[in-house]
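Reader: I'd like to go through this one with you at the level of strands, rings and contacts. Could you put it up so that we can start?

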Amino acid sequence: MPALIAILLGLSTPSASRAQALVADLSNHLVAITSGFNGAEILLFGAVEGPGDVVVTVRGPADDEVVRRKIRMAGLWVNGPEVAFQGVPEFYAVFSSRPLADVVTPELAEIHQIGAEHLGFHASTERPAEEIDDFRAALIRAKQRQGLYVRDAARLAFLGARLFSARLAFPANVPTGSYTVEVLLVRNGVVASAQTTPLYISQAGISADVYEFAHRQPWLYGIFAILIAGGTGWLAGHLFRRV
């Protein structure tokens, strides 16, 4: 609430309204993943000066992905052709105050990567364009099934004529890393104002220590995991024999 009041006071001054027609912020810029993490929700809020629609995109850390097509061979399903993609956002969501088709043009969607079909990742494997498109669509569908890509733009709510808000939901399997929240004020198919806000998702507590140990000392972590699993199995068997 104090941040929202500050936004309103900032927009109410003549110099601020001339310089910036859009101000937005997040209720929290850090999502901590602990051992009991089952998802998180962050409030995006802001205000606009004058008419227009607000479009928000949330993009997670980029990584390389390989998409493989399963083929049937001798009665078995095996890996067939594959396509590697570079710069794939691990998470993507979009919000809009009205249906996207009524707010953004195809050119604007391409420039600002509004909609999963307009994301800027590209294939590093040489294949025909039609085949690349099929693999790209399959990658997006896989991300949607995992809950990491939204299927449709979520509705962003206006509170009166100036205030807006949206709840950014992150699933339990959300990847860690640096995220970008881009907020656009669109008027007549043109971006009148824009703001980019960072968001960080990271491990915390014991889970962070285990995660760091597993990545820095993978062989030692594997040995410990085997010893713990073996010890647990032996203890369970010993207890059951006594019972």
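Reader: Which way do S6 and S8 run, and how many bridges join them?

Author: This is a predicted model, and in it strand S6, residues 76–89, runs antiparallel to S8, the two being joined by two bridges. Within that pairing, glutamine 86 has histidine 122 of S8 standing opposite.

Reader: What order do the strands of that open sheet take, and which are the edge strands?

Author: The order is S5-S6-S8, three strands in an open sheet with antiparallel pairing. The edge strands are S5, covering 62–73, and S8, covering 122–123, and each of these pairs on one side only.

Reader: Which helix packs on the sheet, and at what angle to S6?

Author: That is helix H5, residues 129–145, which touches S5, S6 and S8, and its direction makes about 85° with that of S6.

Reader: Staying with H5, is lysine 143 buried or exposed?

Author: Lysine 143, which is placed in helix H5, counts as buried because its relative accessibility is 4%, and the cut-off for buried is under 20%. Setting aside neighbours within four places in sequence, lysine 143 is in contact with Glu65, Val88, Pro89, Glu90, Leu148 and Tyr149. The C-alpha atoms of lysine 143 and phenylalanine 91 are 8.0 Å apart in space, with their positions 52 residues apart in sequence.

Reader: Glu90 turns up in that list, so where does glutamate 90 lie, and what does it touch?

Author: Glutamate 90 lies in the loop between S6 and strand S7, the latter spanning 92–96. Not counting residues up to four places away in sequence, glutamate 90 touches Gly60, Pro61, Asp63, Glu65, Lys143, Leu148, Tyr149 and Pro175. Glutamate 90 is also buried, with a relative accessible area of 14%.

Reader: And aspartate 64, where is that, and what does it touch?

Author: Aspartate 64 has its place in strand S5, and beyond residues up to four places away in sequence it touches Phe85, Gln86 and Gly87. The C-alpha atoms of aspartate 64 and alanine 84 are separated by 7.2 Å, although these residues are 20 apart along the chain.

Reader: Switching to rings: how many aromatic pairs are there, and what is the geometry of phenylalanine 85 with phenylalanine 121?

Author: The count comes to six aromatic pairs. Phenylalanine 85 and phenylalanine 121 are edge-to-face, with 5.6 Å centre to centre and 90° between the planes. Phenylalanine 85 belongs to strand S6 and phenylalanine 121 to the loop between helix H4 (106–112) and S8, so this pair ties together parts that are 36 residues apart in sequence. Both phenylalanine 85 and phenylalanine 121 are buried.

Reader: What about tyrosine 92 and tyrosine 149?

Author: Tyrosine 92 and tyrosine 149 form an edge-to-face pair as well, at 6.1 Å centre to centre and with 70° between the planes. This pair links distant parts of the chain, 57 residues apart, with tyrosine 92 in strand S7 and tyrosine 149 in the loop between H5 and strand S9 (154–155). Both of these tyrosines are buried.

Reader: Which charged end sits over the ring of phenylalanine 121?

Author: That of arginine 136, which sits 4.0 Å from the centre of the ring. On another aromatic grouping, Phe91, Phe170 and Tyr179 form one cluster.

Reader: Now the core: which residues touch the most other members?

Author: The largest nonpolar core has 52 residues, and Val56, Val58, Phe85, Phe170 and Val183 touch the most other members. Strand S12, residues 177–187, supplies the largest share of this core, namely six residues. Taking valine 56 by itself, and not counting residues up to four places away in sequence, its contacts are Leu44, Ala93, Val94, Phe95, Leu156, Val181, Glu182 and Val183.

Reader: Last one: why is S11 largely enclosed, and which strands join it?

Author: Six of the eight residues of strand S11, residues 163–170, are buried, so S11 is largely enclosed by the rest of the structure. Strand S3, residues 40–48, is joined to S11 by eight bridges and runs antiparallel to it, with leucine 43 opposite arginine 167. Strand S10, residues 157–159, also pairs with S11 in the antiparallel sense, over three bridges, and here phenylalanine 158 stands opposite phenylalanine 164. The hairpin of S10 and S11 has three residues between the strands, and glycine 160 takes a positive phi near 85° there.

Methods
Residues numbered from 1 in each chain as written. Predicted model: local features only at pLDDT ≥ 70, side-chain atom pairs only at ≥ 80, totals over all residues. Heavy atoms only, no water. Pairing = 2+ DSSP bridges. Helix = DSSP H or I, 4+ residues; strand = E, 2+ residues; numbered from the N terminus. Contact = heavy atoms within 4.5 Å. Axes fitted to C-alpha atoms, helices over the stretch in contact; angles between N-to-C directions. Core = buried A, V, L, I, M, F, W, Y, C linked by side-chain atoms within 4.5 Å. Buried < 20%, exposed > 50% of the residue type's maximum accessible area, 1.4 Å probe, protein only. Phe/Tyr/Trp six-rings, centres within 6.5 Å; stacked < 30°, edge-to-face > 60°. Lys NZ or Arg CZ within 6 Å of the ring centre and 35° of its normal.
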